[in-house]
Structures are given as structure tokens and as C-alpha cells.
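These are my notebook entries on a structure that is new to me. I set down what I looked up, topic by topic.

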Amino acid sequence: MREQPISEAVPLRWYSDLLEDADFYRGQEHEISKERAIPALVKAVAGSKEVRFFVVHLLDPDTLKRALIEIVLDPRAGEAVGVASTETDVVGWVDDDGLKQPVLRDVWTDPIRFRSAPDFELALDHYLAILQERGDL
């Protein structure tokens, strides 16, 4: 196998094909337990019953900026609450067998409450519009 010289660019055709004509590349959403959700999100819906928590990863194909989104749906109230992490801070270093590794922490937006149907797809679209309007995404 031929090694690529460091200065030679290797086109990622599969990647650009995947992201072609997409506002965001979106991973598969996953329903998560309350225990795995961001504490600020859990607090925002404290006392509500029958809520469902979801997480999804996004990637902006133009800027390659990534986002981690958590949304909780409250069908009884007809509302949803979302938080997003679009950046990661290095908060320290750990020695891993002589190799220093960064300790990373996601930086989260404040929870945003909004009216929503009990459908995750609609809630996500609405939440992304809010984030874009605010300049957070």
C-alpha cells in the first residue's frame, strides 16, 4: 500500500457525497433515560410526567461545525425543551501510559422551552430554527 505524503491532499468523495445538498448531516436520534440527560434539561421539566428524552448529533457540511442536541418532549404540555453543545473545552490533562490526553467537557446552551407537537422530527426542526435565529448554530 502506498503511503500518502503529508502535503498531498486526499479527497473525501464519500464524505462530500454524503453531505451534498444537506443543511445538516444528522445522525440517528436515540431515546435516552432521564439519568443520562443533561441535568439542566431534567430540571427544566421537573414534575412533568410522560416526558421522553432524545439525543442526536449534527454536522454542518459547510463549516464542519458539530453539535450535540438533547431534546425532551412533554406531550401533555405540548412543549419541548432543548439544549445544544456546539463546542468542547479542554479542562485538564491526564497521563495515559506516558502520553498526555486531554480531558474534554461539552459546553451547553441554556435550556430553551418552545411549543411543539409530540413528534421528535418536528421538535428538532423547530429547535434548530431557534438556534439559527439566535446565532448559536
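**Entry 1. Overall layout.** I began with the terms: helices are DSSP runs of H or I with at least four residues, strands are runs of E with at least two, and both are numbered from the N terminus. I note at the outset that this is a predicted model. On these terms I find 3 helices and 7 strands in the protein. Followed along the sequence, they appear in the pattern α-β-β-α-β-β-β-β-β-α.

I then looked up totals for the protein. It has 137 residues, and 33% of them count as buried. Among contacts with a separation of 6 or more, 51% are between residues 24 or more positions apart. The exposed surface comes to about 9400 Å², of which carbon and sulfur atoms supply 51%.

**Entry 2. The nonpolar cores.** I asked which residues have the most contacts inside the largest nonpolar core. They are I69, I71 and Y127, in a core of 18 residues. The elements that give two or more residues to this core are β3, β4 (66–74), β5, β7 and α3 (120–134). Helix α3 gives the largest share, 7 residues. I recall that in soluble globular proteins nonpolar side chains tend to be buried together.

I took I69 as an example and set aside its neighbours within four places in sequence. Its contacts are F54, V55, V56, L58, V83, A84, L124, Y127, L128 and L131. Apart from this core, I recorded a second, separate one of 11 residues, which includes I32, I38, L41 and V81.

**Entry 3. Salt bridges.** How many salt bridges does a search of the whole structure find? It finds 2. As a general point, side chains of opposite charge can pair when their charged atoms come close.

One bridge joins E31 and R52, with 2.9 Å between the closest N and O atoms. E31 belongs to strand β2 (residues 30–32) and R52 to strand β3 (residues 52–59), so the pair ties together parts that are 21 residues apart in sequence. E31 is partly exposed at a relative accessible area of 47%, and R52 is partly exposed at 37%.

The side chains of E79 and R113 also meet in a salt bridge, at 3.0 Å from N to O. This pair links distant parts of the chain: E79 is in strand β5 (residues 79–96) and R113 in strand β7 (residues 112–115), 34 residues apart. R113 is partly exposed, with a relative accessible area of 42%.

**Entry 4. The hairpin of β5 and β6.** I asked in which sense β5 and β6 pair, parallel or antiparallel. The pairing is antiparallel, over 10 bridges. Within it, D89 stands opposite R105 in β6. The hairpin has 2 residues between its strands, and D97 takes a positive phi there, near 50 degrees. D97 lies in the loop between β5 and β6 and is exposed, with a relative accessible area of 79%.

I also looked for nonpolar side chains at the surface. V90, W93 and L104 make a nonpolar surface patch of about 350 Å². L104 is in strand β6 (residues 99–108). Its relative accessibility is 54%, and the cut-off for exposed is over 50%, so L104 counts as exposed.

**Entry 5. Three loop residues.** Is E50 buried or exposed? At 54% relative accessibility, E50 counts as exposed. I located E50 in the loop between α2 (39–44) and β3. Its phi is near 60 degrees, a positive value in a residue other than glycine.

S116 sits in the loop between β7 and α3. Buried means under 20% relative accessible area, so S116 is buried at 12%. Leaving aside neighbours within four places in sequence, I list its contacts as L73, G78, E79, A80 and A123. E79 was met above as the salt-bridge partner of R113.

P61 is in the loop between β3 and β4. It counts as buried, at 18% relative accessibility. I checked the distance from P61 to Y25: the two are 36 residues apart in sequence, and their C-alpha atoms are 6.8 Å apart in space.

How values were computed: Residues are numbered from 1 along each chain as its sequence is written. This is a predicted model: local features need pLDDT of at least 70, side-chain atom pairs count only at pLDDT 80 or more; totals for chains, interfaces and linings use all residues. Side-chain values use heavy atoms; hydrogens and water are left out. Buried means under 20% relative accessible area, exposed over 50%, partly exposed in between (1.4 Å probe, protein chains only). Contact means heavy atoms within 4.5 Å. Accessible areas come from the Shrake-Rupley method with a 1.4 Å probe; for residues, only the protein chains shown count as cover. Patches are made of residues with over 30% relative accessible area and no salt bridge: like charges are joined within 9 Å, nonpolar side chains (Val, Leu, Ile, Met, Phe, Trp, Tyr) within 5 Å. A salt bridge is a side-chain nitrogen of Lys or Arg within 4 Å of a carboxyl oxygen of Asp or Glu. Two strands pair if DSSP finds at least two bridges between them. A nonpolar core is a set of buried Ala, Val, Leu, Ile, Met, Phe, Trp, Tyr and Cys residues joined through side-chain atoms within 4.5 Å.
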